[in-house]
Amino acid sequence: MKIKCWIFYALLALLLPSMALAGNQIKKEIELSDFYVRAVPPGAENTALFITLTNPNKTDVVLSKVSSPVCRAAEIHLMQHKAGVMSMEHVPELAIKGGDTLKLSPDGYHIMLIGLKKTLKDGDSVPVTLSFKDGNKVKINATVRRLMKKMKHSH
Ligand SMILES: [Cu+2]
């Protein structure tokens with residue numbers, strides 16, 4: 001009997017870490033699509049990046065940091081109507097709920113590229129690194145596009 005018990009615990013000790021590992025691997029990577037940077041006139045200091053983020057997991061995925069070599073800083077912003085006035089607010093992170101798709105747009109969440117180091121022309125490719133709270137990092141190349149809709153900046 002004593003030997004059987006020992007084998008049981010030894011097996012359990014062997015199995016537990018591998019089970020935890022399998023749990024991690026089940027987590028699917030967030031899907032990024034339709035990403036683009038808004039073209040701005042030469043000399044413009046800021047522009048915005050838009051992405052559609054789809055979370056195929058059951059749990060939330062949180063975007064916590066964005067960076068790009070084309071600008072001094074990148075911030076997650078939320079465009080809001082406040083007493084009839086559109087204003088932008090800096091939010092520290094952006095949660096994409098399990099099974100949800102979040103589409104960034106000029107009148108909602110967007111990523112502000114602040115302090116542009118060069119003029120971004122229509123068709124240019126902008127490298128961007130997205131860092132998620134779980135430690136995952138995703139690199140994308142967003143194409144610069146002209147947008148029809150005007151975006152007012154009031155920081
Ligand atoms: Cu903004």
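Two strands count as paired when DSSP finds at least two bridges between them. Keep that in mind for the views below, which all come from a predicted model.

**View 1. Strand 1 and its two partners, strand 2 and strand 10.**
Start with strand 1 and strand 2, which run antiparallel and are joined by 5 bridges. One bridge to look for links Glu31 to Thr54 in strand 2. Now turn to strand 10: strand 1 pairs with it in the parallel sense, over 3 bridges. Here Val37 has Val144 of strand 10 as its bridge partner. The residue ranges to select are 31–38 for strand 1, 46–54 for strand 2 and 137–145 for strand 10.

**View 2. Asp34, a residue with a positive phi in strand 1.**
Stay with strand 1, where Asp34 is found. Most residues other than glycine have a negative phi. Asp34 is not a glycine, yet its phi is positive, at about 45°. Is Asp34 buried or exposed? Asp34 counts as exposed, because only 12 or fewer C-beta neighbours inside 10 Å are allowed for that label and Asp34 has 11.

**View 3. Strand 4 between strand 5 and strand 8 in the pairing pattern.**
Strand 4 covers residues 71–82 and pairs with strand 8, residues 109–116, in the antiparallel sense. That pairing runs over 7 bridges, and in one of them Ile76 is matched with Ile111 of strand 8. Strand 4 also pairs with strand 5, residues 85–91, again in the antiparallel sense and over 7 bridges. For a residue to centre on, try Gln80, whose bridge partner in strand 5 is Ser87.

**View 4. The hairpin turn at Ala83.**
Strand 4 and strand 5 form a hairpin with 2 residues between them. Ala83 lies in the loop that separates these strands. What is the phi of Ala83? The phi of Ala83 is positive, about 50°, although Ala83 is not a glycine. Ala83 is exposed, because there are 5 other C-beta atoms within 10 Å and the label takes in residues with 12 or fewer.

**View 5. Ala73 in strand 4, facing residues of strand 8's stretch of sequence.**
Ala73 is found in strand 4. With neighbours up to four places away in sequence left aside, the contacts of Ala73 are Ile114 and Gly115. If you like to check distances, the C-alpha atoms of Ala73 and Met112 are separated by 8.2 Å, while the two residues are 39 positions apart along the chain. Ala73 has 12 other C-beta atoms within 10 Å and is therefore exposed, given that the label applies at 12 or fewer.

**View 6. Val61 and its contacts.**
Val61 belongs to strand 3, which spans residues 61–67. Which residues does Val61 touch, beyond those up to four places away in sequence? They are Ile30, Asn55, Ile96 and Phe132. Ile30 is 31 residues from Val61 in sequence, and the two C-alpha atoms are 7.8 Å apart. Val61 counts as buried because it has 24 C-beta neighbours inside 10 Å, where the cut-off is 20 or more.

**View 7. The largest nonpolar core.**
This core holds 26 residues, and those that touch the most other members are Val37, Leu49, Ile111, Leu113, Leu120 and Val126. Two or more residues each come from strand 1, strand 2, strand 3, strand 4, strand 8, strand 9 (125–132) and strand 10. Strand 2 contributes the most to this core, namely 5 residues. Zoom in on Leu120 and, apart from neighbours within four places in sequence, you will find it in contact with Val37, Ala39, Val40, Thr47, Val70, Val126 and Val144.

**View 8. The whole chain and its confidence.**
Stepping back, the chain has 1 helix and 10 strands, with the helix coming ahead of the strands when read from the N terminus. Of its 155 residues, 21% count as buried. Among contacts with a separation of 6 or more, 69% link residues 24 or more positions apart. The mean pLDDT of the chain is 87, and 79% of the residues score at least 70. Where is confidence lowest, and where is it highest? It is lowest in helix 1 (residues 2–26), with a mean of 60, and highest in strand 8, at 98.

Technical notes
Residues numbered from 1 in each chain as written. Predicted model: local features only at pLDDT ≥ 70, side-chain atom pairs only at ≥ 80, totals over all residues. Helix = DSSP H or I, 4+ residues; strand = E, 2+ residues; numbered from the N terminus. Contact = placed C-beta atoms within 7 Å. Core = buried A, V, L, I, M, F, W, Y, C linked by C-beta atoms within 7 Å. pLDDT = per-residue confidence, 0-100.
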